[in-house]
Amino acid sequence: VKKGTLNQWIWFIILAGFSLYLGRLLFTGDIHYFIHPKMFFFIRFSFVIFLLLCVNQGRRILFSKRKEALKAGYILFILPLLLGFAVAPKGLNEAAAANRGLQLAGSDSSTMESSRQLKASEIIEQLGPEETLEVETALYSGIIEDISKRRSLYMGRRIGIEGFVFRFDHFSPDQFIVARMQIVCCAADALLTGILVQSNEAPSFETSSWVRVEGIIGEREYYDAWNDKTSVVPAVKAELMHPVEKPLNVYVYPSE
Amino acid sequence: VNRSTATLDRTGAKYIFASGFFLLLVMAILFMPRQTVENFSTIFISIVLEALPFVMIGVIISSLIQLFVSEEMISRIIPRNLFAGLIVASLMGFVFPICECANVPVTRRLVRKGVPLHIGITFMMAVAIVNPVVLLSTYYAFGGNMHVVILRTVLGLSSALIIGWTVSVLPKKESYLKEISQEHDCGCAHDGCEHTHSRGIKEKCIAIIDHTGLELYAVGRFLILGAFISAMMQTFLPRPFLMTLGQGPVLSVLVMMALAYLLSLCSEADAFIARTFVGYFSTGSIFAFMLFGPLIDVKNTLMLLEGFKAKFVIILIIITFVVAFSFGIAINFFGI
């Protein structure tokens with residue numbers, strides 16, 4: 001095999017690999033582990049282009065006469081395919097949490113969010129005073145954001161929320177954050193979003209384990225080691241806590 | 001003879017480096033904790049998947065232009081007046097949306113065909129930011145926040161104009177162009193330059209697809225390398241350390257600019273990366289990242305050095321650095 005043609009073959013295999021990988025992600029729905037659903041259209045688009053390029057590359061192999069050195073850059077294209085097929089990641093796990101940013105209810109960490117009217121904000125307005133505010137996955141980010149924005153509306157209300165246990169090293173034993181991973185576009189921009197929980201039973205729940213917390217929203221002092229500031233943030237005084245299964249889709253999405 | 005040995009040595013080193021890298025990676029996958037490998041892979045693949053469609057759109061449009069628009073056509077419409085020329089060149093991105101990887105070879109050819117240097121440089125700088133594809137991906141990356149899109153447009157245009165004007169006042173005693181090298185003229189590494197004027201629609205379609213594939217290779221590898229480095233940083237750089245760098249209004253801008261330069265991201269994808277630093281780094285530094293990266297980075301520098309003298313490239317990097325740094329600082333201190 002001439003080196004020029006070998007290059008053509010390698011590029012053909014890479015294009016076929018990408019077509020296959022994207023096709024598999026789209027077909028099985030595993031694409032959810034990487035990308036926000038609103039971007040799926042673009043993934044389908046690149047799938048079609050890869051198929052087209054792959055077919056065209058088959059044609060090019062037949063007509064290749066050029067002599068050229070083997071291209072080292074191909075190794076870079078093989079990397080994502082190798083990791084995609086061999087590791088077959090199932091999304092970010094809780095071990096990644098320590099290296100992500102955090103949007104805690106009541107702390108003003110996200111300065112670039114647009115000031116939109118949230119769908120989730122209507123929930124609290126329609127809820128009777130004795131009813132429990134159930135934080136469903138679809139409304140998770142929206143409710144956390146609304147708690148930050150209009151804290152007083154939520155004070156003293158009963159809340160039910162699920163997520164995984166997240167702690168900083170300096171946390172006192174009776175507190176943790178019940179958190180979810182929020183993605184805006186893809187897993188690379190994942191942020192932790194959640195609310196502080198206070199309970200004497202907190203130590204019996206391991207970090208990274210999934211938990212359901214029910215309790216009353218109050219306030220508590222919170223020390224942020226990243227900017228060395230202490231502020232008063234909303235916190236759930238837990239009355240009922242029990243372990244739950246990790247959900248299939250670990251991510252939550254910012255509300256529209 | 002000398003020349004070919006040098007080329008041989010270079011490619012040899014490339015293979016050794018590439019296979020060493022690959023071996024290291026396989027070892028890492030086998031011996032790192034499963035959770036870490038999984039998180040790294042998720043981040044790496046998601047950046048690649050996310051950015052690829054936008055790179056493809058850029059590459060396809062770029063292929064169309066490379067095949068259907070001649071440099072003569074472009075240079076014919078450039079006005080003779082200095083400021084009119086600068087402004088027209090800076091707005092070219094809207095009609096001429098080639099990505100920042102393709103604009104270096106185009107600029108080089110434009111300048112060689114007699115387009116004034118400052119016009120070429122303004123064009124190159126503006127096209128990388130002020131172009132519909134980049135702005136669309138910025139819009140998506142920042143969850144539909146128009147403020148970011150508008151600010152990036154305005155700052156991108158201003159930067160291109162300031163840099164272009166500065167280039168126009170540089171002494172013109174010597175040519176900043178390199179002697180025409182014997183090597184392949186297209187830095188984009190495509191071997192399809194010859195099939196430009198084929199007549200049939202079928203031939204044209206094939207030419208576009210050919211060109212798209214070749215350019216996808218040329219651009220895609222820098223994207224994947226960037227995604228890899230970025231994923232490494234996200235997985236292994238301890239957050240508290242990064243946070244301390246992101247706090248200072250001046251230091252954060254410097255750090256983000258260094259990142260932008262080293263990551264060498266395609267301007268069609270960099271907004272997605274920039275988004276991941278929101279909340280940890282100052283607003284000014286995020287914008288400095290999205291300004292400096294498209295204007296100049298490692299891969300652009302290399303491509304520029306192929307066509308222009310090193311002295312000019314260094315001057316250009318310094319000018320670009322000062323402009324992007326000033327805007328970043330301005331945002332942090334005056335809160336635009």
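How many Å should the 25 residues of helix α15 of chain B span at 1.5 Å a residue, and how far apart are its end C-alpha atoms? In this predicted model, helix α15 of chain B runs over residues 310-334, and at 1.5 Å a residue it should span 36 Å; the end C-alpha atoms are 36 Å apart, so the expected span and the model agree. Several residues of α15(B) are buried, among them F312(B), V313(B), L316(B), I319(B), F327(B) and I331(B), and the list also includes T320(B), A324(B) and G328(B). After α15(B) comes G335(B), which has a positive phi, near 55°.

Chain A offers a view of paired strands. Strand β6 (residues 210-224) of chain A pairs with strand β3 (residues 158-166) of chain A in the antiparallel sense, over seven bridges, and in this pairing G160(A) has E214(A) of β6(A) as its bridge partner. Strand β6 of chain A also pairs with strand β7 (residues 229-243) of chain A, again in the antiparallel sense, over 14 bridges; here G218(A) has A235(A) of β7(A) as its bridge partner. In a regular strand, side chains alternate between the two faces of the sheet.

We turn now to charged side chains. Over all chains, a search of the whole structure finds 14 salt bridges. One of them joins E125(A) and R150(A), at 2.8 Å from N to O, and this pair links distant parts of the chain, since E125(A) lies in helix α4 (residues 121-126) of chain A while R150(A) lies in the loop between α5 and α6 of chain A, 25 residues apart. R150(A) has a relative accessible area of 26%, and is therefore partly exposed.

A salt bridge also forms between R151(A) and E219(A), whose closest N and O atoms are 3.0 Å apart. Because R151(A) belongs to helix α6 of chain A and E219(A) to strand β6 of chain A, the pair ties together parts that are 68 residues apart in sequence. E219(A) has 40% relative accessibility and so counts as partly exposed.

Strand β6 of chain A also holds R220(A), which lies 46 residues from D174(A) in the loop between β3 and β4 of chain A; the side chains of D174(A) and R220(A) meet in a salt bridge of 3.2 Å, N to O. With a relative accessible area of 18%, R220(A) falls under the 20% cut-off and is therefore buried. Finally, salt bridges that share partners join E134(A), R158(A), E162(A), R212(A), E214(A) and E239(A) into one network.

Note on methods: Residues are numbered from 1 along each chain as its sequence is written. Chains are lettered from A and ligands numbered from 1 in the order in which they are written. This is a predicted model: local features need pLDDT of at least 70, side-chain atom pairs count only at pLDDT 80 or more; totals for chains, interfaces and linings use all residues. Side-chain values use heavy atoms; hydrogens and water are left out. Helices (H or I, at least four residues) and strands (E, at least two) are DSSP runs, numbered from the N terminus. The expected span of a helix is 1.5 Å times one less than its number of residues. Buried means under 20% relative accessible area, exposed over 50%, partly exposed in between (1.4 Å probe, protein chains only). Two strands pair if DSSP finds at least two bridges between them. A salt bridge is a side-chain nitrogen of Lys or Arg within 4 Å of a carboxyl oxygen of Asp or Glu.
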